[in-house]
Amino acid sequence: MKRELHIRVNGDEYHLLVETHRTLLEVIRDEIGLTGTKNGCGQGECGACTVLLDGEPVNSCLVLAHEAEGHDVLTIEGLGSGDTLHPVQRAFVETGAIQCGYCTPGMVLTAKALLDHNPTPTRAEILEGLKGNLCRCTGYVKIVEAVEAASCLLEGGEIE
Amino acid sequence: MKTCIVRKGLPRIDAIPKVSGEAQYTVDLKMPGLLVGKILRSPHAHARIKSIDTSAAKALDGVLAVITAEDVPENLFAFYQWQADKHILCTDRVRYVGDEVAAVAAMDDDTAEAALDLIKVEYEALPVILDIDEAMKPGAQLIHEGKESNSTWSVDRLFGDPDKALAECDYVVEGTYVTHQLAHCCLEVSNCIAKWDKRDKLTIWTNAQAPHTQRQEVARVLGIPRRNVRIINSTMGGGFGSKLVMDMKLPIASVLSRLTGRPVRIVNTRSEEFTTAKTRYPYTLHLKTGATKDGKILVRDLTLIGDNGAYHDKGPATINFSSMMFGTLYNVPNIRFHGELVYTNKAMGTAFRGFGNPQVTFATESQIDELAEKMGMDPLELRRRNVNHPDETAACGAEVCGCAMSECMELAAKEIGWEEKRGKGAPLRGVGLANMVHTGGGGRFYGFNSAEAIIKLSDEGTVTLITSALDMGQGAHTAMAQIAAEELGVRLEDINVLSHDTELTPYDLGSWGSRATFMNGNAVLAAAEDARQSLVEAAAEMLEADPADILVEESKVWVKGSHEKHDLSEVVDHTVNEHGEPISGIGRFVDHLPEGYTIPTAFAKNIPCFSFGTQAVEVEVDPETGQVNVLRVVAAHETGTTINQTMAEGQLEGSMAQGIGFALMERLVHDDEGRIVNDRFLDYKIPNIGDVPEMKAYCVESVGTRGPFGAKGIGEPGLVPTAPAIANAIYDAIGVRLHEVPMTREQIIKALKEKRASET
Ligand code: FES
Ligand code: FES
């Protein structure tokens, strides 16, 4: 059964007709066409599909699209402005925290939400905050570095 | 101002598209008329197919095609055609849970799913064999009818006189080591789109590590000309060996496309990925090592049984490669190796980062420590007495070029605090280390080893680099671009790398065996040299100077001694727009075969370049729970010349995490009926960010390699020695020796119990 859905994604309003059992992930990728959000498992177990729903990270594969009715969604495409990367994105680029990149959008958004709440997290807090996001490539060393660097950049620091 | 990041290597050229969500993976592609394809898979590990009824599925609205074995070419397929044993869709028998039985193409996901439910298959169950010992019993149920036994392939290697050597040894240790099936767990699942067009050309978009050989494989199994098949890659979400050999979804989607006249996409679910995307070959290894009392290893004798799974894939190549690394490490003069592959009713094995070497190294490097223990010698000292040396030719024929084994070993030992900690650490804490050798440049297994690259400059001096080096995440594109940039004298950001289309790229064996940097890198270097020559000539003409005096750097051109620097674009604009002479270059690298090379006898002469490395770890074990906490891993690996420090470290760090998974966490578990029970991330645990310890990667440079600027591949070595290093550290911590990976809590508790019992 299809129902009207009104959501704001990256500041843009969408008015769609969507089946009630569709997930937010499916709507973002297939209906809206923003493919930066990834599907790694479709079961809420990898974090690749993380988006920010009213600023909070959610596994969009576990959220029904209609649950997001009237809410604000931020996907990786909405981070940063124009051609300027968000400091978290810059930190991921510069520290080498990206390999295949499939986990990256989810990682970056989870990290952003973490830093929004806690601008200077300890290492333990970073590990706790990102443990729902799997990465098979990097071994996470440079991801931890990236989050620390992002925190530093957000506090006004610089690269090199 | 605070400094947040100190750059060690240039950022990857694909980092910005990836971090901004712009990068397109195969699963992200859209196409007009695209249909959804799905595969009906066997729920039985072994059964006869008595009948298939597709009529209800075909009648469903929105279903455009339903196919079974009757609708696809009858050809049998395997990576090696001489081992061909698998149909595109099963004809009368299924051999593992997940075997392809039928397939549908439909308008959307839900319809395709519903259609699968409507296909009725009647099975007659057959005895299920999951265990290699059972499979090898005389009279065992044959998994492939018509074959003599389930033991399907074997190889023997002999160097020196192992029996005589064993008699001369003062110490001999013997043991059996076991490894299990593991899943690659690429975050992007295996998927494809096939489009069979009106001109009879078949285009497949997929995530392939070896698109040219997969193109040949698709043509072979479909019985169509190779020239009609084109494979297009997109950004890849991981490889690790899983995407070397064609997956059956490629020909299945192709047939569905031909029947419907529309492009058809098939994407694995995560459960399908766990159960059918193939696995690391499990080995059972019976190993003997003998040494003299002064610590010279004289002999090694290994019998290795590989669990092939239900069908052939890279098994022989994997076992052969294992034997080469086994023969080369420590240059042991007397070697006996027997390898065998055995069919079981499980998912088939395939290439997986390390290619059989992590399994063998778990056995050999664990046993070195057992030998040292028996001799009362420090295991580090025993290793010191047997290191490989630069420029030696090993007894097995391996030609070692650059070799930094001693440097790697001493560095790792020092960094882990070997002297202070080994045998004397805090209670329940221990340190261990392990060495390894691996290829740093692919192999000559196809009877040749070569690569080509093409470079062209635009009329503004930007560079298009066409290389066959696939980037599945390891960073090959950036490494290739850096090599070209360095040689040509252009800025990295001015280079665009294309590797995605078999119609565009030169024929190539693919990105495996830590091969891309060495092989494709050399080809890129040659192409850049070629282009540079034209560039320098053009500049000399324009600037009225001697070509020998022309300097090019960072996209600036000038005459030696002159202060007037010109933009590269000026030179190119001049030669293109005034003379009509665009600048390009082509390069080829041929890794010439050694004299007397033949594929069957070449053995370790198959390897153009070896890479050595050591890992040292510190662990803490909780004897109550059996929990092993890896506190620290130090990896010191040989890179020849490091092209990009950040990326090389990243390869090692990612490998170490996978090594920890292999050592302590990962195993596909089957129930009695052969179903994999842990087919999701919740149950098949790969290391998460909290599971990895402090890891430190050192890139140890060495000389003597023919790689570009002296570089070696570093994609695989980093997970080879992790598991034995951890096993050795566990022994140091609690005095128990584990012979099976993953080393689970249950194993540790059991071993501790046995140890206590034997002490009382
Ligand atoms: S795709 Fe949503 S958690 Fe994996
Ligand atoms: S970079 Fe590949 S999964 Fe994280």
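How many residues of domain 1 of chain A are in contact with how many residues of domain 2 of chain A? Keep that in mind while you click around; this is a predicted model.

**Stop 1: the two domains.** Select residues 2-78 of chain A and give them a colour: that's domain 1 in the domain assignment. Now pick 87-154 of chain A for domain 2. Taken over C-alpha atoms, the centres of these two domains are 21 Å apart.

**Stop 2: where they touch.** Here's the reply to the opening question: 17 residues of domain 1 of chain A meet 13 residues of domain 2 of chain A. About 1,200 Å² is buried between the two domains, with carbon and sulfur atoms giving 63% of that area. Looking for salt bridges between them? The count is 0. Polar contacts do turn up, though: 5 residue pairs across this interface.

**Stop 3: the domain 1 side.** Next, select strand E3 (50-53) and strand E4 (56-59) of chain A. Each of these strands supplies at least two residues of the side of domain 1 that touches domain 2. The largest share comes from E3(A), with 3 residues. Colour that whole side by residue type and you should get 7 nonpolar, 7 polar and 3 charged.

**Stop 4: over to chain B.** The whole structure holds 16 aromatic pairs over all chains. For one of them, show the side chains of Phe79(B) and Tyr446(B): the rings sit edge-to-face, 6.5 Å centre to centre, with 85° between the planes. Trace the backbone from each ring and you'll see that this pair links distant parts of the chain, 367 residues apart. Phe79(B) is in the loop between strand E4 (63-67) and strand E5 (93-94) of chain B, while Tyr446(B) is in the loop between strand E19 (429-439) and strand E20 (450-457).

Conventions: Residues numbered from 1 in each chain as written. Chains lettered and ligands numbered in written order. Predicted model: local features only at pLDDT ≥ 70, side-chain atom pairs only at ≥ 80, totals over all residues. Heavy atoms only, no water. Domains from an automatic or database assignment. Contact = heavy atoms within 4.5 Å. Buried area = accessible area lost by both parts, 1.4 Å probe. Salt bridge = Lys/Arg side-chain N within 4 Å of Asp/Glu carboxyl O. Polar contact = N/O pair within 3.5 Å; in protein donor to acceptor, adjacent residues only side chain to side chain. Helix = DSSP H or I, 4+ residues; strand = E, 2+ residues; numbered from the N terminus. Nonpolar A, V, L, I, M, F, W, Y, C, P; charged D, E, K, R; others polar. Phe/Tyr/Trp six-rings, centres within 6.5 Å; stacked < 30°, edge-to-face > 60°.
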